[in-house]
Amino acid sequence: MSTLYLLKIDLKKMRHYRTFWIICGLYFFMLVTATASGMEFLKWLARTIEGFGQNININRIPLYHFPDIWQNLAWSSGLLKMGIAIMVVVSVTNEYTYRTLRQNIIDGLSREQFLMSKVLTNVLLSFTSMVLVFLIAVVTGLIYSPQFDYPYGFTGVGFYPAYCLEVFAFLSFALMLGMLVQRSGLTIILLLNSYLIELIIKENIDEYVPQLIKFFPLESIMNLVPLPFARYAFQEIRDYVTWESVLIALAWATLFNYFAYLKLKKSDI
Amino acid sequence: MNVETVLSIQGLTKHFGKLCAVNQLNLEVKRGQVFGMLGPNGSGKTTTLGMLMGVTNPTSGSFTWFGQTPTHLMRQKIGAVLEHPIFYPYLTGQQNLELNAMIKGATAQQIDRVLDVVELLPRRHDKYRTYSLGMKQRLAIASALLNDPIVLILDEPTNGLDPMGIAEIRELIKKIAADGKTIILASHLLDEVQKVCTHFAVLKRGNLMHVGPVDDVGKGEETVEVAAYHDDVADVLRKFPGTAGIKRENQHYLVTLHDGFHSAEINRYLFEHGIVAAHLQTKKKSLEKQFLEILAENSEPIH
Ligand SMILES: Nc1ncnc2c1ncn2[C@@H]1O[C@H](COP(=O)(O)OP(=O)(O)OP(=O)(O)O)[C@@H](O)[C@H]1O
Ligand SMILES: [Mg+2]
């Protein structure tokens, strides 16, 4: 079966599933509003907080100016990936609770194809997120940015493929967790707590082997698009994508999907 | 390998931890057979079928479909319902079948036909969640019939069906079998199995206890049910040279005959002794009886 056909199979399961539309709708709605409304938010702050507008001239904060906007929006959007990850968890754990995974295999899907259909949906969701945020960046940038200098204005566009990888790697993590745990509630709790768990481990080894920190899975995913806003407090930030971060995140994404594959391959379903 | 062999199982074994669910199973199913899989609860029927359909990984042993190592593509041509109907509850019957048709590589046109066969057309656009148990079973059978399967595997397909439904499924199985399709049927309804199956196998705690044609059931010694309103009837029956054993059951006697003796001879013998039988019926040994004998404690598994 072609990859497109496998994707179609998974989308067929989702297309008539109300929960899918609700979670996806909320996610993409949040993505648009959260990223597009930064300026309005600052204005609102200036209106409501006494003295805010006097101390800081909000129009001097180039949130939506080219080229700052690329990294700003890519980073902010990264915060919302948990929303779509929950959808991925629901989608895969449903297959276990309804036992439809079993029937899919009986009906003639191979285990690899089943996993592939889920991974392809993850690719689609990541890609759609990226395209959407990119379009918002272009539109809001044209609205708020005083000028666009070529090629300087494009500095940081490389964060979009990196953001796409960020979402995909995280969705791969969610998919793997869902297949290992097989229950939606527990998986979502684990997913939400995974940052905390990793943080505790990182804190404990930071003194001894700080050079290892960047290899942690969630850390490496966050590292793809580093926090940009420190630059408005005149701090040095990394405003480009490093190959190292891409390779580490890519390795983790591959591993997550490989673990999911191993689990599926050797278990009775 | 004979081309007529649809399924060949060699030494198939499945352990769940310490428990041996299927032990060294060897079995052959030929084209056109309606093959009954019998056995008490937990004897390993579903586990065996699960291995054949690629959802349960065998501990050891192997099997071939159509003489070839099994692949997922073969499963597209095998319609199977294992234990319970499984569908997406939030999809309608129609949408569930559309999805399964995609997986099996069947055309969407077949959906109307299979829904018609199981008489579910009027409810096709209702959510699966809202179906009654019998309707779920019917949908499962409809789904198994998609893509014109060469082999049909049914694990207790009449579970939860009304008597009419059971009779309909029996007719359906017969009809499908008449098309030359091979059917493997796991069931506890021995009556049904005797009516539709050509061959049967009996499992007990994972061991194969018996395999053979259904027609062989009831061959050999005959049992005759006799009732007569006469005080000496028991004595006379006991003296009859063909009697191997006699047992009283409710209002009548069950006489087991030696090979070569039949009910007509009993009738004549009784008459000669001045007794008129009020009731005389040859009992073909039922599959149920044979089944219970096979499962009796002292019997040995065959390997
Ligand atoms: N996933 C599993 N994990 C552990 N044990 C299992 C599992 N599936 C089946 N078993 C065990 O394997 C044995 C065979 O079970 P199986 O379901 O194959 O029986 P069956 O013949 O289909 O019974 P029934 O007539 O009740 O459907 C049982 O003892 C059962 O407890
Ligand atoms: Mg069973």
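How many aromatic pairs does the structure hold over all chains? The total is 24. These values come from a predicted model.

## Aromatic pairs

One of the 24 pairs joins Tyr27(A) and Phe28(A). Their ring centres are 4.8 Å apart. The planes meet at 65°, which makes the pair edge-to-face. Here the cut-off matters: planes over 60 degrees apart count as edge-to-face. Tyr27(A) is buried, with a relative accessible area of 4%. Phe28(A) also counts as buried, at 18% relative accessibility. The threshold for buried is under 20%.

Ring pairs also build a cluster in chain A. Its members are Phe66(A), Trp70(A), Phe134(A), Phe154(A) and Tyr160(A).

## Chain A: overall form

What does the secondary structure of chain A come to? The count is 12 helices and 0 strands. Read along the sequence, the pattern is α-α-α-α-α-α-α-α-α-α-α-α. The radius of gyration of chain A is 20 Å, close to the 18 Å that the globule rule gives for 269 residues, so chain A is as compact as a globular protein of that length. Its C-alpha atoms fill a box of roughly 65 × 50 × 40 Å along the principal axes.

Buried residues account for 51% of the 269 in chain A. Consider contacts between residues at least 6 apart in sequence: 79% of them join residues at least 24 apart. Chain A exposes about 13300 Å², and carbon and sulfur atoms supply 68% of that area. The chain carries 21 positive and 18 negative side chains. The centres of these two sets lie 13 Å apart.

## Chain A: local points

Phe66(A), a member of the ring cluster, precedes a cis peptide bond. That bond runs from Phe66(A) to Pro67(A), with omega near 0°. Pro67(A) sits in the loop between helix H4 (52–55) and helix H5 (68–78) of chain A.

Val123(A) belongs to helix H8, residues 111–144 of chain A. Is Val123(A) buried or partly exposed? Val123(A) is partly exposed, because its relative accessible area is 39%. Val123(A) and Leu218(A) are 95 residues apart in sequence. In space, their C-alpha atoms are 18 Å apart.

## Chain B: overall form

Chain B has 10 helices and 13 strands. Its C-alpha trace spans about 75 × 45 × 35 Å along the principal axes. Of its 303 residues, 53% count as buried. Among contacts in chain B with a separation of 6 or more, residues 24 or more positions apart account for 69%.

Chain B exposes about 14200 Å². Carbon and sulfur atoms supply 51% of that area. The chain has 32 positive and 33 negative charges. The mean positions of the two sets are 7 Å apart.

## Chain B: a covered helix and a buried Asn

How many residues of helix H1 (residues 45–52) of chain B are buried? The count is 8 of its 8 residues, and the helix is described as mostly covered. The buried residues are Lys45(B), Thr46(B), Thr47(B), Thr48(B), Leu49(B), Gly50(B), Met51(B) and Leu52(B). Gly54(B) follows H1(B), and its phi is positive, near 80°.

Asn100(B) is in helix H3, residues 93–104 of chain B. Asn100(B) counts as buried because its relative accessibility is 4%, and the cut-off is under 20%. Which residues does Asn100(B) contact, leaving aside neighbours within four places in sequence? One is Asp107(A), in chain A. The others are Phe87(B), Ser143(B) and Leu146(B).

## Chain B: positive phi in loops

Asp148(B) has a positive phi of about 50°, although it is not a glycine. Where does Asp148(B) lie? The site is the loop between helix H5 (133–145) and strand S6 (151–155) of chain B. Asp148(B) is partly exposed, with a relative accessible area of 41%.

Glu156(B) is not a glycine either, and its phi is positive, at about 50°. Glu156(B) is placed in the loop between S6 and helix H6 (163–178) of chain B.

Terms used
Residues numbered from 1 in each chain as written. Chains lettered and ligands numbered in written order. Predicted model: local features only at pLDDT ≥ 70, side-chain atom pairs only at ≥ 80, totals over all residues. Heavy atoms only, no water. Helix = DSSP H or I, 4+ residues; strand = E, 2+ residues; numbered from the N terminus. Rg over C-alpha atoms; globule rule 2.2 N^0.38 Å. Buried < 20%, exposed > 50% of the residue type's maximum accessible area, 1.4 Å probe, protein only. Contact = heavy atoms within 4.5 Å. Areas by Shrake-Rupley, 256 points an atom, 1.4 Å probe, with all protein chains shown as cover. Lys, Arg positive; Asp, Glu negative; His and termini not counted. Charge placed at Lys NZ, Arg CZ, Asp CG, Glu CD. Phe/Tyr/Trp six-rings, centres within 6.5 Å; stacked < 30°, edge-to-face > 60°.
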